[in-house]
Amino acid sequence: MADSVMTVDPEQSVDPGQSNWVLTAGTRVDVRNRFVGGWSHGFEVAEHIEGGYLIRRLSDASVLPDAFSEDDVRPELHKRGWWWY
């Protein structure tokens, strides 16, 4: 039996801890900072490619030159009250 893959569109809420999802273009995301290992905000998916994503920076709409692996991209977390989720 094949693994199922869930597609997430920009309007849909998703549990970032869940695997087996594919983010569609326009979905706001956090990306792993390659220098310090933390998560950076202010990005969206430009395109899903084999094994990862091309990412667009929201501040200037530039598509970043390197692809990000699926492990280095997660749906944007929203702060509600005192907790992130």
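Two strands are taken to pair if DSSP finds at least two bridges between them, and strands themselves are DSSP runs (E, at least two residues) numbered from the N terminus. By this criterion, β3 is joined by three bridges to strand β7 (residues 73-75), and the two run antiparallel. The structure discussed here is a predicted model, in which local features need pLDDT of at least 70 and side-chain atom pairs count only at pLDDT 80 or more, while totals for chains, interfaces and linings use all residues. Residues are numbered from 1 along each chain as its sequence is written, and side-chain values use heavy atoms, with hydrogens and water left out.

It helps to begin with confidence. The pLDDT is the predictor's confidence in each residue, on a scale from 0 to 100; its mean over the chain is 80, with 68% of residues at 70 or more. Strand β5 (residues 52-57) has the highest confidence in the chain, at 97, whereas strand β1 (residues 6-8) has the lowest, at a mean of 44. Residues 1-14 have a pLDDT below 50, yet this stretch has 27 contacts in the model beyond near neighbours in sequence, a contact meaning heavy atoms within 4.5 Å. Where pLDDT is low, the predicted coordinates should not be read in detail.

The sheet comes next. Five strands make up an open sheet in the order β6-β5-β4-β3-β7, with antiparallel pairing. Because β6 (68-69) and β7 stand at the edges, each with a single partner strand, one side of each is left without a neighbour in the sheet. On the β7 side of β3, V31 stands opposite V73, and V29 has P75 as its bridge partner. Towards β4 (residues 39-49), strand β3 (residues 28-32) is joined by four bridges, again in an antiparallel arrangement; here R28 stands opposite E44. The hairpin of β3 and β4 has six residues between the strands, and in it G37 takes a positive phi near 85°.

One residue of β3 deserves a closer look. D30 lies in this strand and counts as buried because its relative accessibility is 0%, the cut-off for buried being under 20% relative accessible area (1.4 Å probe, protein chains only). Its side chain makes a polar contact with the side chain of H41 at 2.7 Å. Such a contact is a pair of N or O atoms within 3.5 Å, where, within protein, one must be able to donate a hydrogen and the other to accept it, and residues adjacent in sequence count only if both atoms are side-chain atoms. A polar atom of the D30 side chain also lies 3.2 Å from the backbone nitrogen of L77. Leaving aside residues up to four places away in sequence, D30 touches W39, S40, H41, D72, V73, R74, P75, E76 and L77.

Note on methods. Buried < 20%, exposed > 50% of the residue type's maximum accessible area, 1.4 Å probe, protein only.
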